[in-house]
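I opened this notebook to record what I looked up, beginning with one loop residue and then turning to the aromatic rings.

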Amino acid sequence: MFVSAVAIVAAARRGGYNGAVRLVCFGDIHMAFRAIERIGPVLREADQAILTGDLTHFGDPPDAFRVVDAVRQFCPSVLAVTGNLDMPWVIDAFRERGISLHGEGRRLGDLGVFGCGGSNVTPMDTPTELEEDELRATLERGHAAVADGPRRLMICHTPPYATRLDRLLNGRPVGSPAVRSFIEERCPDVAVVGHIHEGRGVERIGATLVLNAGALRDGGYVVIDDGPAGLAAELRNFRSAAAA
């Protein structure tokens, strides 16, 4: 069983500190509305909720916005990327509503947040899959919007290849080489990923702290604080906390 929280200070870069910001990040939701209610008290304390993909199970925009609206009951400010099990046109719907991080970036004070949705190509031929060069190009577009930020947070549904975060139960790594090479070259301070439910955990790639919260229905989420001491990321699990 996972401990209820694993806290790690990811970056101590203070430059131009503009005030504390708290983000709650989670994904692989798959319409799990009861799980959203479970983290409602945590979301109420957040300045921003960030959804890391697979909000639905082969769902269209109305399904995806049911999830977004459920989160907004607790935290009105939401940003999101889609996952491979959200239909491709959900990306455009999110962009039109101004909440998409897919190939886009946002500044939250001194923290630059950017992202990429979908997944690398899978044997299952799921709705939103990208070739490796598309994943890299999408991350580069988003990063360019916030590259001058003192601290940078990457949100990517697909985990980097060959880490503890992308392995199936049989140990096979199925993440993206392009995502890994991007992290190695651009060195965001923190990256939050998903997609592989059994890959829940924390790993460092160079200077970057990478976290996979696993599926929300299994209790996983990440809390990120950007404050005077720098950028801190905490992997939490509400099921483990309840059992403690």
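I began with aspartate 125, which I found in the loop between strand E7 (119–120) and strand E8 (129–130); the model I was reading is a predicted one. I then looked up the backbone there, and aspartate 125 has a positive phi of about 55 degrees although it is not a glycine. I noted this with care, since most residues other than glycine have a negative phi. For its surroundings I checked accessibility, and aspartate 125 is exposed, with a relative accessible area of 65%.

My next entry concerns alanine 162, which is not a glycine either and yet has a positive phi of about 60 degrees. I located alanine 162 in the loop between strand E9 (151–156) and helix H6 (177–186). Its relative accessibility is 31%, so I entered alanine 162 as partly exposed, a class that lies between the 20% and 50% limits.

I then turned to the rings: how many aromatic pairs does a search of the whole structure find? The search gives 2. One of them joins phenylalanine 65 and phenylalanine 94 edge-to-face, with 5.3 Å centre to centre and 80 degrees between the planes. Phenylalanine 65 belongs to helix H3 (residues 61–72) and phenylalanine 94 to helix H4 (residues 89–96), so this pair ties together parts that are 29 residues apart in sequence. I also looked up whether these two are buried or exposed, and both phenylalanine 65 and phenylalanine 94 are buried.

Last, I noted a further neighbour of phenylalanine 65: the charged end of arginine 97 sits over the ring, 4.2 Å from its centre.

Definitions and conventions
Residues are numbered from 1 along each chain as its sequence is written. This is a predicted model: local features need pLDDT of at least 70, side-chain atom pairs count only at pLDDT 80 or more; totals for chains, interfaces and linings use all residues. Side-chain values use heavy atoms; hydrogens and water are left out. Rings of Phe, Tyr and Trp (its six-membered ring) pair if their centres lie within 6.5 Å; planes under 30 degrees apart count as stacked, over 60 as edge-to-face and the rest as tilted. Helices (H or I, at least four residues) and strands (E, at least two) are DSSP runs, numbered from the N terminus. Buried means under 20% relative accessible area, exposed over 50%, partly exposed in between (1.4 Å probe, protein chains only). A charge sits over a ring if NZ of Lys or CZ of Arg is within 6 Å of the ring centre and within 35 degrees of the ring normal.
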